[in-house]
Structure formats: C-alpha cells, structure tokens
Amino acid sequence: MAKEKDPNAPGSIPPNENGNKHALRRREFVKLVGGTGVAATAQVLAGRQLATAATTTVPDEAVGSGKVIGPGPVPMTLRINGEAKRVTLEPRVTLLDALRNHLDLTGAKKVCDRGTCGACTVIVNKKPVYSCSVLAIEVADRDGKPGAEIRTIEGLAPEGKLHPVSASFVENDAQQCGFCTPGFVMSCTAYLETHHNPTIEEVKQALGGNLCRCGTYMGVRNAVVQAAMSMKGGRA
Amino acid sequence: MADYHWPPTDKCNLIGRRIARLDGPWKSSGRIKYSYDMNRPNMLHAKMVFSPYAHAKVVSIDTSAAEKMPGVKAIDIITEPGKEVFWAGHEVAAVAAETEEQARDAARRVQVRYEKLPHLVSDVEPSKAGEHTKQLAEQTDGNPDQALQQAEVTSEGEYGVPVITHCCLETHGQVAEWDGDNLTVYASTQNVSGIPGEFVRAKIADSADKVRVLTPVMGGGFGSKFGADTWGLACARLAKKTGRPVKLMLERDQELMAAGARPSMYAKVKVGAKRDGTLTGWQSESWGTGGPDAQGGAPSIPYVVRIPDRRIRHTTVLTNIGPARAWRAPNHPQMCLITMSALDDLAAKLGMDPVEMLQKNIDMTGQLSKTYSAELEKAAELMDWKKKWHPRGDKTPGSIKRGLGVSIHTWGGRGHDSNCNCVIQPDGSLSASLGSQDLGTGTRTVIGIVTAETMGLPLEAVKVNIGDSKYPADGASGGSTTVGGVSSSTRRAATAALNQLLEKVAPSLNAKPEELEAVDGKIRVIGNPSRAISWKQACAKLGTTPITGVGQRSNDLISSGVGGAQMAEVSVDTETGQVYVDKLVAVQDCGLIIDLKTAESQVYGACIMGITYSLFEHKIMDEQTGRCLNADMEFYKLAGIGDFGEIVVHMMTGSGFDERGVIGLGEPPVISPGAAISNAVANAIGVRVPTLPLTPDKVLGALEKGAVA
C-alpha cells in the first residue's frame, strides 16, 4: 500500500534525489495545511495505515539476510546538514530524539511529540516534516544507498550568522519564549524555497501546522512576507 | 543621595523605541539551549510514574521489575505508600535510565497498588458537590436588595469560564547535576533566585548557596513555573543517587494533567440599572474550583465597574482535577467575563450601546476613570464602532452573523524586589547582572536598554547577565512585576555606576562631576559638547579597578494600576456554530514603556492567547474515571496562525502615562478578550452563549434555546 503511494502526497516522506523511497512508515509524517482539527483526524488515519505497514514491511538492510532489526540498538547513518552521521539507535527512536538526544542538535523541539504542533519541524528531502513522527531508521542510509537529506535549523546558517528567515523573525519580533520558533523558521524556510510571493492568506495556510502558545502569530505573518522579499533579493 | 528619575522621553535614544529583543537571534537560529535541550556528559534520562486515578491511596510500590529493566540506574519514590494521591497525573515516582526510551519503558513497569477512593471532577453544579464545597464569606456593600428592587431594569444571567491549562510549550522540568555537594539545576523556571532554597528545605542540598539555578531562556511559564516542584526534587535526588546528571522533563500528557490549571469560575448574576443606563445594584452567587485545595478568596465582582450596592456569595468546589496554578492575570479573566457579560446583557435589555453604558458609569471605575474613558474612545475609533455597531442580533439575511463586543480591565503591576549590579570595566565594557529571568517577555532587552540609555551608549555595549541564581537576588516573574522591578533596580545601579565614573573623569575635564553627562558614547560637559572624552578614554581612567554600581528597586521609578479597553468583531456561522474573530482592538496603558516593540508583542500575544481561551480551551474531565480526556495537543486546542483575522494594538503613551514610571504589562491585555468576544457573539446571534469556550456545540445550543424562548 505504502509503496504505491504518490511520494509527493501529503503524509509521505518524499524520495531523495536518488529516488530512494522509504517504505517503513511507523510514525508516518503528517503535515497538512489548515486547522489542527484536520491534522488530528489525519493523524488517526495515518496511525491505522502504519499498523499495516509495520507488520508487512521491514527495512531493506534486513531484506534477504533473514536478520531481524532491533529491538536493540542498530548502527545507521543519517545525512544531516550535508554530513553523514553514524549513530547506533534502537529502531523505535524517532528522528527528533535521534537529533536531540544522540546528535545534540536541539534546535528542533519536543513539544507535543505527536505530530500536532510543528515545533520539531525539520526539512527532509526539501519538504517540511514533523521529526517526532518519523523514525530515524526510516530516513537512514539503506542498501548502500544514501538516506534522506535532512536539514535542521542548525544547518540553515553557520553559527553566528542568521538565515534570512531567522533574521526576519528577529526584526518582526516573531518570537517570545522562542520554543516554537525553530519549527516555524523551518516550516517557513521550506515553504519560501518553493513559494516566492506568498500572500498573508497563503502564509496562514502554509504555517497552519505550527502552534505557538505566547501568541507570536502577528509577528510571524509579517516575518514570512519580509523573508520572502529578502530571499528573492538574494536569488536575483 | 542621588536623584533617580527617568530621562524625559524626548531625550531618550532607546527608551520607548521599537527595539528588537536581544535574545532574538539565539532563538530564531535554534542555537540557544533551553533546559529541555541540555545534554550534559554522561547524562541519564528520567521519566515520571503518576497516578491513573483521580483519588486513591497508594498501598504499595514494587520497583523490582522496573529495576531489572535495561539501562535503569535509579528509582525515586515521591509518594510513599500510605499517602493519598488527589488527581490523575499525581506524581508517584521517577525512574532514571540510560536513554529516554528505557526510562519510559521502566516507568511503566513500576507496580503501584492503589486503593481507589471517591473522586469529584465536576465543578458545574456545586449543590451536587456535597462535602466538597467550601462556602466563603458573603460580602455586602450598601443595600443591594433595595437597589435591585428599585431598579427600573434588571437582567439576570449565568456566566462562566471552565478550568483551562497553561500548556507551556517547554514542559516543566530540569537537568540536575552534582559536583561534590554543589548542585546545578538547569531549570525551566520563572523564579531563578527563589528556587535554591527549596532544595535545602527538602534536605537535598546543605545550603542555598550550594545550589545554582541556570535559566538563560525558558519555553513559557504563564504563572505555572514558580517552584522546584516534586519532579525537580526527584530529579536532584536521582542525580545524587547515581552520581550522574539527570534530565527529567514532563511528557505532554502529564504537563496538561498536573502542571498547571486555571481555576474555573461560574456565577448567577442579577444586575439593575435606571432606564438611562446608570447601574444601581449587583448580586451574584458564584462558584468555581481550584483543584483539591481552596484557592484564594471571593472574587472581586462586579469587576472594574464597582456598582456601589452589591452582594457577592462565593463557593469553592474542591475537586480532583489537578492543582491550580497562577495563570496569567489570576482570577481577572474570569471576573471580567462574568461582569462584562452581565453588563452587556443589561445594555441589550435597555437597547443601549454597551460602550455608552460603560461611559455613562465610568466614575464607578474609580481613579482610572479618565484613562478608561480615553481608551474606550480610542478603541471605538480603531474599531469604527459607531458605524459598525447594531443592537443585539444581526438582522441582515444569511447564515453568517456579525457582531461587536467590548470589555475593560485592570491590573496592578508594581515592580517586585530587584537588585542589580552594574559594572564598568577599565576597558570600557559594561554589564548589568540580576538574578532575574526572561520568560519571553523581553526582560533581558529592557535591562539592556535601561543600562545603555543611562550610559549614553548603544544597546550592543551592554552585556546583560540574568538567568543565574549567582547574580543579585530578584523576584519571581509573575503578576507583571518584573519590568518594574528590573528597570528600577537597573536604572539605579547604572546611575550609581555612572556617577562614580563621572567623579573619576571630572578632573581631566576641569569640571565638577555634576556638570558632566554621558551622551552619544562620550562623557562631556553639559552644554559644552566640545569639552568631552570618549567612553573608552573615560573608563581607562579607572586604572585597574572596575566600578560597581548597586541598585535596588524602589518606588520612585515605577507605579502600579493600569486600565485597558478591548473590542472584538466576530462572524458566527449560525449553521455550523463556528465563531471567527475578524478583528480584535486592544488599547492599553502601562506607564512608561521601555521597549515599544516587545511591549506591543506582549499585547498581541495576550490577544491571541485570549482568543484561544475564548474559543478553544477547556480541560475536559471524565466524571467516571476522573481523568483528563484531552491531555494532548490534538484535543487541547491552541489557536493557529490562521484562526483569527486582524489584531490592532494601541499603546497609550505621552503625557499622563510616561511620567507615571514603569508598570507591568504581561497580565492586563489577556483579561478582556473572553468578555469582548463573548459579548460580540451575543451581539451577532442575539443570544448569550453563557460559558467559554464558545465552541460550535454551545453556540448552536444557545441558538436553539434562544429560538424556543
């Protein structure tokens, strides 16, 4: 079922440039625009789909070897911010926990841990993804082929420098406590890389999968529009 | 004794301007480490074991199976057998293991036997709560019976606000690490200076000066993060037992079940007026729950509009919903919703514009009456109220009904105790150090601005040191008390440091210290800019000894007591019951504003938080099991970026406001949205939806009831 799915459909992990599809989708990414109610429903649906996928699919590393992967830690390679990172993780470890607990990349935040709030957003093969809802092993190297290209907020700009989106968030005070901010910045970055002239209404749709408690949305709306202009300026 | 005052606003380079927050780049680059992000060498992860029952006695705890689980290093018992737990989510034990996954697995294997006891989680009907109610004293002013009897018009209604949670995005928790008998706690707290003592009282640390709390940034508190909490103490004990750093952050479900709830408040109100709208009498029978303990006293209603003849009776319902914690502007949003809804219903009965009714009775608001009057006028202008307002019930055809609502509020906001050390180094570097914390409100930036303004330097010249209990003690950040506290102590410390510098520099400029000023990066003779030396040259005269200016909060730079008026415009779909806030106007005073940008952000944020509790938030309890049914973020809903329309913020500044000094701002703007939005919905659909949140089911229910009546 999962193998036939349109790889670009919402709810799927997009293929990387080598066309490597990752079939195991135990905590499948759900990222839908619009209200949280829609996302909540979709999460339930995805959960059902997963149950099927998990019993019928095994990681390619195990295929043919007759070897069962896990439940203990297994070595794997993750491609993060252009670097191959070797880690040894239980197969159940989410991409979010792999980043935060094993690679000290703590920009992606753990907030709902259930595909609702977007604080853990990273960019996987150019699409924004809730990293709490992807297993690290799903996006790791497999079968000698490189895994997904994962970008975290730490990869947006070198330390001490600000990506145009981050700078725009500062300028427009699109952050208070800041705990949701990296997720917003990543969603916004992924969006602006493919949408160059968003209207405020489109921004509301695009960032509908990220939640803030302090109520920084007014600043975020302005920040996205301003960042769009500065990113366009950079390309021209 | 130096004279402490704020510079005139027209002379300010920084104070009152829109200045980007200092910690902005740290946050939006994802580089800054919150408590949740601390990965200390060799660190263990801990998870909580908590009660699944709303009320039970812990009979026994068997940790033997959990101890044998892979990676487990230590288990800490929080609630000993024999003791009771009072809510589902009550802390029982904590387990530390090598990985987060292992800790979670092992926590599930801790076998706790409970003896279930009767529970109560419903707060809507105090008469059914029996022994769980606590009657608070009745309070009567004037002669309400006579006033209501003689009133030409009376209105009766029932209004209420349910229990909601704080839902901080960074859950409660910390990393604890020992070095000998010194404890470092990386805590997500609103109370950096206040927490060390808790570890001593709990007999975990020998003395408070051996406990260091570090909180450079924190992911939201809203009143729920003042204490070390049971999990903080357990974390420190686990770290001690294992000799390794331990991270213990609550998981989302427990955060919503146990780590913060705002008390509910419901009321049956009768209010009377003369036919011209003059309010004459008030009577209310109110109740609410703050969890298992009685919280606070009777509400102060009618809120802001102090109708002279009034009687209030209040009952507290003791429930097993989880402990109440201060929630941004404790009690005020509830009192505001009840009062402003009742007044709005009365105005509707009189066929009167509610803004006119408030203006008519503005003297009852007391000493801020002129402020309220001006704020209502400004808000009406920004809302285009006069043109848009219609009597109750939108009579235009179609299923989408539009309406307007208004509310006013108040808050104190006097600065808390605060101490600042301002240090000028011979190399010209400058720092301000306080044991305060920045919750995301802009505290760090305010301290920087005040220091830089005092020294005539750019903001970048100041290093602000906060979020560390080794700095001079500062108050907890609650009740909008921080900005007044830190701005006052910082201004005094910076002035004291500057005065010492001027004394050192004066001889070289052939002037007396009092003839000098610090402006534009120079120390110069007042009125003679040519007799000047640069800041660096001035500091070089210190030789090898830095200057420390010490400042303590005092009342001369701050004040308290603000108003605020808000107006909401809503669209209600009478077929689906969906409410959409098209526009919210917030007009707010807070004395002298230090940073206009972060001040406005506070108000925008409060409006959005207000829209959220008005439309979505409700901690839903199951009466059978006593459990919270929506302890997650799918079903405990927060508004998203597209869930509302326009927000217009206007800060009252200039004459009449600036000279009052600095007053806190965090709480006041979060008070009125509930009332303004509820009133707007009533204005749109012609009937009152009695309780928040204004969810589709309740809107449709009110419409149905209204149609029958």
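**Entry 1: chain A, element order**

Before I read off the elements, a definition: I take helices (H or I, at least four residues) and strands (E, at least two) as DSSP runs, numbered from the N terminus. With that in hand, I read chain A from its N terminus as α-β-β-α-β-β-β-α-α-α-α. That comes to six helices and five strands. I note that the model is predicted, and I keep this in mind for every entry below.

I also checked burial in chain A: of its 236 residues, 51% are buried. Among its contacts between residues at least 6 apart in sequence, 63% join residues at least 24 apart.

**Entry 2: how far to trust chain A**

I looked up the confidence next. The average pLDDT of chain A is 79, and 70% of the residues score at least 70. Residues 1–12 of chain A stay under 50, and the model gives this stretch 19 contacts beyond four places in sequence. Residues 17–60 of chain A are also below 50, with 89 contacts in the model beyond near neighbours in sequence. A reminder to myself: where pLDDT is low, the predicted coordinates should not be read in detail.

**Entry 3: chain B as a whole**

I counted 17 helices and 28 strands in chain B. Along the principal axes, its C-alpha atoms fill a box of roughly 85 × 75 × 45 Å. How does the radius of gyration of chain B agree with that of a compact globule? For 709 residues the globule would come out near 27 Å, and chain B has 28 Å, so the two agree. Of the 709 residues, 60% count as buried. I also looked at sequence separation: of the contacts in chain B between residues at least 6 apart, 81% join residues at least 24 apart.

**Entry 4: domains of chain B**

The assignment splits chain B into domain 1 (9–19 + 415–557), domain 2 (35–118 + 173–249) and domain 3 (261–413 + 560–708). I took the C-alpha centres of domain 1 and domain 2 of chain B and found them 40 Å apart. How many residues of each are in contact? I find 15 in domain 1 of chain B and 18 in domain 2 of chain B. On the domain 1 side of this contact, I sorted the residues into three nonpolar, eight polar and four charged.

**Entry 5: where the chains meet**

I found 53 residues of chain A in contact with 47 residues of chain B. Which elements of chain A give two or more residues to this side? They are α1 (36–56), α2 (95–102), α3 (164–171), α4 (181–194), α5 (200–206) and α6 (217–235). The largest share, five residues, comes from α6(A). By class, the chain A side divides into 22 nonpolar, 17 polar and 14 charged residues.

Helix α3 (residues 100–109) of chain B caught my eye here. Its buried residues are E100(B), E101(B), Q102(B), A103(B), A106(B) and A107(B). Their cover includes α2 of chain A, along with β1 (44–50), α2 (64–67), β3 (72–77) and β5 (91–97) of chain B.

**Entry 6: the core**

The largest nonpolar core holds 283 residues, and A136(A), A94(B), V95(B) and V681(B) have the most contacts inside it. I followed V681(B): beyond four places in sequence, it touches G403(B), V570(B), V572(B), V579(B), V689(B) and L694(B).

**Entry 7: V213(B)**

This residue sits in strand β12 (residues 211–214) of chain B. Is V213(B) buried or exposed? With 28 other C-beta atoms within 10 Å, V213(B) is buried, because 20 or more is the cut-off. Past four places in sequence, V213(B) touches V185(B), A187(B), T189(B), V192(B), I195(B), P196(B) and S469(B). N143(B) is 70 residues from V213(B) in sequence, and their C-alpha atoms are 53 Å apart.

**Entry 8: backbone oddities**

Most residues other than glycine have a negative phi, and most peptide bonds are trans, so I listed some exceptions.

- G70(A) and P71(A) are joined by a cis peptide bond with omega about 5°; P71(A) lies in the loop between α1 and β1 (74–80) of chain A.
- L692(B) and P693(B) also share a cis peptide bond, with omega about -10°; P693(B) lies in the loop between α16 (673–685) and α17 (696–708) of chain B.
- D104(A), not a glycine, has a positive phi of about 55°; D104(A) lies in the loop between α2 and β3 (121–124) of chain A, and is exposed, with 12 other C-beta atoms within 10 Å.
- C167(B) has a positive phi near 50°; C167(B) lies in the loop between β9 (164–165) and β10 (173–179) of chain B, and is buried, with 26 other C-beta atoms within 10 Å.

Technical notes:
Residues are numbered from 1 along each chain as its sequence is written. Chains are lettered from A and ligands numbered from 1 in the order in which they are written. This is a predicted model: local features need pLDDT of at least 70, side-chain atom pairs count only at pLDDT 80 or more; totals for chains, interfaces and linings use all residues. A nonpolar core is a set of buried Ala, Val, Leu, Ile, Met, Phe, Trp, Tyr and Cys residues joined through C-beta atoms within 7 Å. Two residues are in contact if their C-beta atoms, placed from the backbone, lie within 7 Å. Ala, Val, Leu, Ile, Met, Phe, Trp, Tyr, Cys and Pro count as nonpolar, Asp, Glu, Lys and Arg as charged, and the others, Gly among them, as polar. Domain bounds come from an automatic or database domain assignment. pLDDT is the predictor's confidence in each residue, from 0 to 100. The radius of gyration is taken over C-alpha atoms; the globule rule is 2.2 Å times the number of residues to the power 0.38.
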